[in-house]
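Here's a quick briefing to read with the model open in your viewer. Take it topic by topic and click along as you go.

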Amino acid sequence: MERNIIAKNTIIVGEIKSEGDFRIDGTLEGNLIIKGKVIIGVTGIVKGNIEASNLDTEGETSGQLKVTKTLTVKANAKIFGDVMVGKLSIEPGAT
């Protein structure tokens, strides 16, 4: 699988669809539809809905999350919105 990256200090506005994995360290204002795994880094911000197989987040999301397999929420993460998951893992300190 391919890995796509939105780097720190980068802002993208619009919907993104991908067959491969995706890492976000910058800001996405729009929906993210990924068949692979999404990783949101500490500096990552997503303002929109996310659909993915797996999602690991240390950053901030606002919108609906649909994760068919596992959602891993790290201690620094902040999630605002509805969450639908197959499995959920939350570290202490997450919001």
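Let's start with the strand pairing: β4 and β7 run parallel and pair over three bridges. Keep in mind that this is a predicted model. From β7 the trail leads on to β10, then to β12, with a nonpolar core and some salt bridges to look at along the way.

**Strand pairing**

- In the β4–β7 pair, Arg 23 sits opposite Ile 39 of β7.
- β7 is also joined to strand β10 (residues 54-57), by four bridges, and these two run parallel as well.
- Ile 39 turns up again here, standing opposite Asp 56 in β10.
- Another bridge to pick out is the one between Lys 37 and its partner in β10, Asn 54.
- β10 is in turn joined to β12 through three bridges, and the two run parallel.
- Asp 56 is a handy marker for that step, as it stands opposite Thr 72 in β12.
- If you're looking at side chains along any of these, remember that in a regular strand they alternate between the two faces of the sheet.

**The largest nonpolar core**

- This core has 19 residues, and the ones that touch the most other members are Phe 22, Leu 32 and Val 38.
- Two or more residues each come from β4 (21-24), β6 (32-34), β7 (37-40), β9 (50-52) and β12 (65-73).
- The top contributor is β12, which gives four residues.
- What does Val 38 touch, once neighbours within four places in sequence are set aside? Its contacts are Phe 22, Leu 32, Ala 52, Asn 54, Leu 55 and Asp 56.
- So Phe 22 and Leu 32, named above for touching the most other core members, are both in contact with Val 38, because contact here means heavy atoms within 4.5 Å.

**Salt bridges**

- How many salt bridges does the structure hold? There are four, and three of them are worth a closer look here.
- As background, side chains of opposite charge can pair when their charged atoms come close.
- Glu 15 and Lys 17 meet through their side chains, at 3.8 Å from N to O.
- Within that pair, Glu 15 is partly exposed at 48% relative accessibility, whereas Lys 17 is exposed at 62%.
- Glu 19 and Lys 35 make another salt bridge, with their closest N and O atoms 3.6 Å apart.
- Glu 19 is in the loop between β3 (16-18) and β4, while Lys 35 is in the loop between β6 and β7, so this pair ties together parts 16 residues apart in sequence.
- Both partners count as exposed: Glu 19 has a relative accessible area of 53%, and Lys 35 is at 55%.
- Lys 37 and Asp 56 form a salt bridge too, and here the closest N and O atoms are 3.2 Å apart.
- That pair links distant parts of the chain, with Lys 37 in strand β7 and Asp 56 in strand β10, 19 residues apart.
- Is each partner buried or exposed? Lys 37 is partly exposed, with a relative accessible area of 30%, but Asp 56 counts as buried at 17%, because the cut-off for buried is under 20%.

**Strand β14 and its surface patch**

- Val 83, Val 85, Leu 88 and Ile 90 make up a nonpolar patch on the surface, and together they have about 320 Å² of accessible area.
- One of these, Val 85, is in strand β14 (residues 83-90) and is partly exposed, at 31% relative accessibility.
- Ser 89 is in β14 too, and it's partly exposed with a relative accessible area of 33%.
- Which residues does Ser 89 contact beyond its neighbours within four places in sequence? They are Leu 71, Thr 72 and Val 73.
- For Ser 89 and Val 73, the C-alpha atoms are 6.1 Å apart in space, with the two positions 16 residues apart in sequence terms.

**A backbone oddity to check**

- Asn 9 has a phi near 70°, which is a positive value in a residue other than glycine.
- For context, most residues other than glycine have a negative phi.
- Asn 9 is found in the loop between β1 (3-6) and β2 (11-13).
- The residue is exposed, with a relative accessible area of 74%.

Definitions and conventions
Residues are numbered from 1 along each chain as its sequence is written. This is a predicted model: local features need pLDDT of at least 70, side-chain atom pairs count only at pLDDT 80 or more; totals for chains, interfaces and linings use all residues. Side-chain values use heavy atoms; hydrogens and water are left out. Patches are made of residues with over 30% relative accessible area and no salt bridge: like charges are joined within 9 Å, nonpolar side chains (Val, Leu, Ile, Met, Phe, Trp, Tyr) within 5 Å. Accessible areas come from the Shrake-Rupley method with a 1.4 Å probe; for residues, only the protein chains shown count as cover. Buried means under 20% relative accessible area, exposed over 50%, partly exposed in between (1.4 Å probe, protein chains only). A nonpolar core is a set of buried Ala, Val, Leu, Ile, Met, Phe, Trp, Tyr and Cys residues joined through side-chain atoms within 4.5 Å. Two strands pair if DSSP finds at least two bridges between them.
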